[in-house]
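Biologist: I am new to this structure and would love a close look at a single part, the surroundings of the ligand. Could you walk me through that part and what it connects to?

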Amino acid sequence: MTTSNSSPQVPHVVILGGGPAGVGGAYQLRRTGKATVSLLEQQDVFGGNAGSFKWGDQFVDYGSHRLHEAVAPEILADMKSLMGDDLAYRERHGRIRLRGKWLHFPLKALDLFLRLDRAFAFGAARDMVRGMLPGGPAEGHTFASVLRANLGPTICEHFYFPYARKMWGREPEVLSGIQARKRVTAGSFMKLVKRVLGSRGSYFYYPREGYGQISTAYAKAAVELGADLRLGSRVTRLSPPSTPEGRWVVESERDGEKHTEEADYVWSTIPITIVARMMDPAPDPQVLEAAGAIDYRAMVLVYLELGVDQFTTTDAHYFPEEHLAFTRLSEPKNYFGAPEPKGRTTLCAELPCERNDQLWNASDEELGNLVVNDIRKAELPLEKEPLSVHVRRLPQAYPIYLQGYEVPLGAIEDWTSTLPNFLSYGRQGLFAHDNTHHALYMAYSASDCVEGVDFNEEKWSDYLEIFKTHVVED
Ligand SMILES: Cc1cc2nc3c(=O)[nH]c(=O)nc-3n(C[C@H](O)[C@H](O)[C@H](O)COP(=O)(O)OP(=O)(O)OC[C@H]3O[C@@H](n4cnc5c(N)ncnc54)[C@H](O)[C@@H]3O)c2cc1C
């Protein structure tokens with residue numbers, strides 16, 4: 001299992017996908033000298049959903065992104081050394097619109113006391129008292145039943161359920177309880193109270209050139225360490241070794257040309273559903289059926305350019321209610337806090353949708369009008385029409401955890417575990433609703449499992465158990 005002209009004694013790993021999981025893996029493998037690395041990314045920038053692009057003279061992200069403080073110290077230290085002063089540490093200033101009132105997010109006790117809609121506050125307080133008495137509803141297994149049992153009907157009906165319908169496009173009753181446990185950090189009154197009272201303010205890290213600078217910094221460092229990272233390269237076909245001594249064959253397309261590469265190991269961070277479809281020979285029909293039974297929620301991102309220095313001082317506005325199409329509206333300029341460019345700012349509206357539904361297929365003009373109207377409905381200060389509108393689309397924004405999704409996902413995982421020297425990780429590869437720091441932690445963990453020309457499967461299984469404990473931060 002040896003290759004590569006430059007390092008004949010180490011394995012050659014081909015990494016699929018150049019989001020944080022992919023570039024983090026490339027960096028860590030090269031830094032430790034454990035493997036030679038090629039990476040294939042279909043887009044023309046690194047970062048995947050956590051990437052950025054320059055629109056006019058501003059860096060903007062694919063929806064609101066911030067690096068949470070929960071990032072592992074070792075990874076944060078690497079980021080600081082890769083980005084230096086470009087990585088700012090900032091206090092969060094978010095707001096949630098609930099029943100016509102603005103609440104600070106993350107929640108603050110005094111703010112809640114002064115601003116929360118009274119009927120909502122009394123309903124939630126009543127639910128909390130009832131929740132302390134014996135005989136409440138059982139947790140059950142759905143998103144709806146888990147949250148109703150832990151937070152009572154008021155918070156669910158007015159906040160989490162409408163938000164879930166927008167976010168995942170499904171009724172809370174058909175979503176899995178796992179979605180509630182993974183996604184809702186304040187998933188019980190106890191946790192909610194702790195978060196509100198224990199809050200010393202909430203902080204995050206954010207790079208000067210947009211969130212994608214994290215991935216580009218990793219990619220640059222990996223290249224300096226000898227990795228071969230290729231943008232604009234779409235992986236089209238994967239063929240496992242046909243003999244125990246054989247190697248993987250990875251086919252990709254770049255500028256209309258086909259490329260073929262051999263690998264000792266394939267590390268895939270692209271959607272696991274797509275991997276099943278590109279395998280040659282094809283897996284059993286049951287595996288393909290399983291790959292068709294799970295899916296990701298898509299998202300349309302609508303960027304509005306405004307001719308003002310700043311729209312508001314808020315970094316992200318959250319909109320749980322269903323009469324507004326977006327779930328979140330962010331102002332990228334407020335994340336790093338630089339005053340430039342003068343006289344211009346951008347807003348980014350996040351509209352979850354299905355690939356190929358009406359929203360996905362709407363024109364830029366239609367989407368721009370929809371967002372402008374909803375901003376006005378939300379009584380935000382949009383005095384003039386935007387100077388311009390730009391639209392981007394994410395085909396795989398969030399994994400959708402339908403009730404029972406573990407069964408098809410388990411079938412796919414059983415199949416991938418039979419593939420020799422193959423690893424699927426990252427948010428898309430593990431169908432995990434994870435943050436960037438989790439994706440990077442997975443990459444570092446995978447590299448830790450490389451021992452000479454072998455991959456320590458037992459260690460990786462232990463890591464997989466740790467990944468299951470990750471809780472997504474908003
Ligand atoms: C709207 C939104 C907001 C978010 N906010 C935050 C936040 O505030 N903080 C946070 O930590 N996380 C946030 N996240 C999550 C964060 O984006 C992910 O955790 C991160 O992108 C996961 O990295 P990844 O490398 O696992 O996957 P991805 O970023 O999805 O990367 C996968 C890569 O694979 C590539 N690919 C797919 N198919 C192919 C192919 N056939 N050939 C070659 N390449 C291919 C894709 O182009 C992509 O670059 C947010 C996500 C969304 C959608």
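Modeller: Happy to! One term comes up at once: domain bounds here come from an automatic or database domain assignment. Please also keep in mind that this is a predicted model.

The assignment gives three pieces of the protein: domain 1 (12-88 + 208-294 + 403-467), domain 2 (107-199) and domain 3 (296-399). The shell around the ligand takes at least three residues from domain 1 and at least three from domain 3. As for domain 2, its centre and that of domain 1 are separated by 34 Å, taken over C-alpha atoms.

Now let us step into the shell itself. There are 36 residues around the ligand, and those that come nearest are Gly-17, Gly-19, Gly-48, Gly-63 and Gly-426. By class, the shell holds 18 polar, 12 nonpolar and 6 charged residues; glycine is counted among the polar ones. Several elements supply at least two residues each: helix 1 (20-31), strand 11 (234-239), strand 19 (388-399), helix 15 (426-429) and helix 16 (436-448).

Helix 1 is a good one to follow outward from the ligand. It packs against helix 8 (residues 213-224), with the two axes 8 Å apart and at an angle of about 30°. Angles under 35 degrees count as roughly parallel, so helix 1 is roughly parallel to helix 8. The crossing of helix 1 past helix 8 is left-handed. On the helix 1 side, the contact is made by Pro-20, Val-23, Gly-24, Ala-26, Tyr-27 and Arg-30. Helix 8 meets them with Ile-214, Ser-215, Tyr-218, Ala-219, Ala-221 and Ala-222. In this contact of helix 1 with helix 8, 9 residues are nonpolar, 2 are polar and 1 is charged.

Finally, a few backbone details in the loops deserve a look. Most residues other than glycine have a negative phi, and most peptide bonds are trans. Asn-421, however, has a positive phi, near 55°, and sits in the loop between helix 14 (406-418) and strand 20 (422-424). The peptide bond joining Asp-280 and Pro-281 is cis, with omega about 5°; Pro-281 belongs to the loop between helix 9 (272-278) and helix 10 (285-293). Another cis peptide bond runs from Glu-340 to Pro-341, where omega is near -5°. Pro-341 lies in the loop between helix 11 (333-336) and strand 18 (345-353).

Conventions: Residues are numbered from 1 along each chain as its sequence is written. This is a predicted model: local features need pLDDT of at least 70, side-chain atom pairs count only at pLDDT 80 or more; totals for chains, interfaces and linings use all residues. A residue is near a molecule or strand if its C-beta atom, placed from the backbone, lies within 6 Å of it. Helices (H or I, at least four residues) and strands (E, at least two) are DSSP runs, numbered from the N terminus. Axes are lines fitted to C-alpha atoms, for helices over the stretch in contact, and angles run from 0 to 180 degrees between N-to-C directions. Angles under 35 degrees count as roughly parallel, over 145 as roughly antiparallel, 65 to 115 as roughly perpendicular and the rest as oblique. A crossing is left-handed if the near helix is turned anticlockwise from the far one by less than a right angle, and right-handed if clockwise. Two residues are in contact if their C-beta atoms, placed from the backbone, lie within 7 Å.
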